[in-house]
Amino acid sequence: MDNNEFIRCWNEILTPKWVRFRHLLSGNGQTYSDAARDIVPVETGARVLDIGCGFGESCLEIGARVGPTGEVLGVDCTREFLEIAEKERDAAGAEHVRYLLADAQECELPKGHFDLAYSRFGVMFFESAVRALRNARSALKPGGRLCLIVWRARSENPAWNMARDVALEYLPPPGESAMTCGPGPFSMAAEETTRGMLAAAGFAQIDHFKRYDEDIWLGRSVEEAVDYQVLVGPSGEIIREAGELGKDKLPQIRADLTELLSKHQRPNGEVWGPSSAWVIVARNAA
Ligand SMILES: C[S@@+](CC[C@H](N)C(=O)[O-])C[C@H]1O[C@@H](n2cnc3c(N)ncnc32)[C@H](O)[C@@H]1O
């Protein structure tokens, strides 16, 4: 599949699911933004680019930190995410936060303009993270920083992996021509490969490459956690791509997931699972 197909998948297949489970997806993004916050100080008046900004929560949060003398540009390829982001920006009165509906790999960005390029769980879904990183680097000032938050290996992320294992007991893995949203959540998990991608994009200096382990929220109840895993993430993709077989096996998969996810239920009824991500900070040459 090419880049346009990935972008079509975000707009046509994933959008309703992401809107439905936004509280989980964005809530978990926030957990990791909090981890990255102290590592990348953002000064008042700074100019920040947010790549693959989704609903724009991180743009608003960074917007509050840079203040009205600064600026934030969020770039995303999914129309409905940005429509929501724009409404929330207007409600917050954050006029210095702007959004651009575009492919971050090739959109035109002002050269040498930004102090920081930020991407929370964004670039690893792009067809070519290197192209997007190269594009972002050309928009950074000399000495400007890049901050990436990307998932670590599948095996380090039981929050996603345990449901995938259940789906694979009943269904085949998605084939080569699967309708996917890109290389996928774990495509930047290997440290050496990701360091190589950064170097290929021109980021010679890496200041910080560190793992963070957090429990992430999988549902307000076991029932919601099961819905989440059968519709979103690696297990959701396996079930969707299996077509009729996926529909046939769904009751058994749901039953197994209910049993499994019940073991991760907290006393307040919520379901949480272990996850792990890299927080990476690189620097454009001065
Ligand atoms: C996992 S979501 C992360 C969203 C947000 N950063 C967050 O943490 O909540 C990945 C985002 O990347 C966007 N995306 C995927 N490919 C893209 C591309 N080529 N250009 C711009 N955005 C892209 C998707 O639309 C989606 O909003």
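**Helix packing, cores and ligand shell**

The axes of helix α8 (residues 222-231) and helix α9 (residues 233-241) come within 5 Å and cross at roughly 60°. This is a predicted model, in which local features need pLDDT of at least 70, side-chain atom pairs count only at pLDDT 80 or more, and totals for chains, interfaces and linings use all residues. Residues are numbered from 1 along each chain as its sequence is written.

Reader: Is α8 parallel or oblique to α9?
Author: The axes cross at roughly 60°. Angles under 35 degrees count as roughly parallel, over 145 as roughly antiparallel, 65 to 115 as roughly perpendicular and the rest as oblique. The relation of α8 to α9 is therefore oblique.

Reader: Which residues of α9 meet α8?
Author: Contact requires C-beta atoms, placed from the backbone, within 7 Å. From α8, Q229, V230 and L231 take part, and their partners in α9 are G233, S235, G236 and I239.

Reader: Which strand gives the most to the largest nonpolar core?
Author: This core (buried Ala, Val, Leu, Ile, Met, Phe, Trp, Tyr and Cys residues joined through C-beta atoms within 7 Å; buried means 20 or more other C-beta atoms within 10 Å) has 54 residues, and V48, L49, A117, V123, L133 and A136 touch the most other members. With seven residues, the leading contributor is strand β5 (residues 140-151).

Reader: Which residues come nearest to the ligand?
Author: The shell holds 22 residues, each with its C-beta atom within 6 Å of the ligand. Helices α1 (3-20) and α2 (22-37) and strand β2 (71-76) each supply at least two of its residues. Those that come nearest are G29, G52, G54, T78 and R120.

Note on methods:
A residue is buried if 20 or more other C-beta atoms lie within 10 Å of its own, exposed if 12 or fewer, and partly exposed in between; C-beta atoms are placed from the backbone. Helices (H or I, at least four residues) and strands (E, at least two) are DSSP runs, numbered from the N terminus. Axes are lines fitted to C-alpha atoms, for helices over the stretch in contact, and angles run from 0 to 180 degrees between N-to-C directions. Two residues are in contact if their C-beta atoms, placed from the backbone, lie within 7 Å.
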